[in-house]
Amino acid sequence: MTTPSPDPVALQATLVDFALAELVRQHRESFPPFWSQESWAKLLIWLALNCGCSGDEAGLKAFAEAIGAMQMGRLRRVFFERELGDLELQLMADPAEQQVLVLPQGPVDAVLTPASIAEALERVGLQEQVVTDQNRWQRLDALVALPWANRQG
């Protein structure tokens, strides 16, 4: 029994998706201030300019439309997430969201400790941007939600 050949168009789409995600991962720390809408906008402008789009509003809109809403959302998630393999934690820190989410990649009770969360925040430079009062951290089943420091509520 032979395996059917992969669809070339599907392979190309997968390759482009992979390459874009890797490009975002490699350059997401090139555009301060980190963990901000401004940083995300700077990355998009950089991508658009390097794709030959003009830096004016029309050129940037054309770039965004070409990428598409679904791919743009995926790239944004990649931009604002960090995986810390040795701590078995994943941080999702999109400033457009109300909270930073800390998700375990290992045994929940073993990895979702205040000490490991604090270490993860320090490593990625989020310790000053979230509320450090652990009494305000919210444990939700298999994740911890931390409020942003600069927001009320």
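Two strands count as paired when DSSP finds at least two bridges between them. Keep that in mind, as this predicted model has a sheet worth walking through. Strand S3 (residues 99–104) and strand S5 (residues 143–147) clear that bar, because four bridges join them. The two run antiparallel. One of the places where they meet is Leu101, whose bridge partner in S5 is Ala145.

**The whole chain**

Let's step back for a moment. The protein chain has six helices and five strands. Going along the sequence, they come in the pattern α-α-α-α-β-β-β-α-α-β-β. The C-alpha atoms fill a box of roughly 55 × 50 × 25 Å, taken along the principal axes. The chain has 153 residues, and 34% of them count as buried. If you take the contacts between residues at least 6 apart in sequence, 50% join residues at least 24 apart.

**The sheet**

Strands of a sheet pair through backbone hydrogen bonds, either parallel or antiparallel. Here the five strands make an open sheet in the order S1-S2-S3-S5-S4, with antiparallel pairing. S1 (81–84) and S4 (138–140) stand at the edges with a single partner strand each, so one side of each has no neighbour in the sheet. From one strand to the next, the twist averages 20°.

S3 also pairs with strand S2 (residues 89–92), again in the antiparallel sense and over four bridges. S2 and S3 form a hairpin, with six residues between them. Within this pair, Leu89 stands opposite Pro104 in S3. Helix H6 (residues 114–124) packs on the sheet and touches S1, S2, S3 and S5, its direction making about 55° with that of S2.

Here are three residues and their opposite numbers across the strands:

| Residue | Stands opposite |
|---|---|
| Leu89 | Pro104 in S3 |
| Gln90 | Leu103 in S3 |
| Leu101 | Ala145 in S5 |

In a regular strand the side chains alternate between the two faces of the sheet. Which residues of S3 lie on its covered face, and which on the uncovered one? Val100, Val102 and Pro104 make up the covered face, while Gln99, Leu101 and Leu103 make up the uncovered one.

**Two helices that cross**

Two packed helices are described by the angle between their axes and the distance between the axes. For helix H1 (residues 8–27) and helix H2 (residues 37–50), the axes come within 11 Å and cross at roughly 125°. That makes H1 oblique to H2, and the crossing is right-handed. On the H1 side, Leu23, Val24 and His27 do the touching, and they meet Leu43, Trp46 and Leu47 in H2. Sorted by type, the residues of this contact are five nonpolar, one polar and no charged.

**Two buried residues**

Val24 lies in H1. Is Val24 buried or exposed? Val24 has a relative accessible area of 1%, and because buried means under 20%, Val24 counts as buried. Leaving aside neighbours within four places in sequence, Val24 is in contact with Leu43, Leu75, Val78 and Phe79. As for the sheet, Val24 and Leu91 are 67 residues apart in sequence and 16 Å apart in space, C-alpha to C-alpha.

Now look at Ser39, found in H2. Ser39 is buried, with a relative accessible area of 1%. Which residues does Ser39 touch, not counting those up to four places away in sequence? They are Arg28, Phe31, Pro33, Phe34 and Phe79. You may recognise Phe79, which is in contact with Val24 too.

Definitions and conventions
Residues numbered from 1 in each chain as written. Predicted model: local features only at pLDDT ≥ 70, side-chain atom pairs only at ≥ 80, totals over all residues. Heavy atoms only, no water. Axes fitted to C-alpha atoms, helices over the stretch in contact; angles between N-to-C directions. Parallel < 35°, antiparallel > 145°, perpendicular 65-115°, else oblique. Left-handed = near helix turned anticlockwise from the far one by under 90°. Contact = heavy atoms within 4.5 Å. Nonpolar A, V, L, I, M, F, W, Y, C, P; charged D, E, K, R; others polar. Buried < 20%, exposed > 50% of the residue type's maximum accessible area, 1.4 Å probe, protein only.
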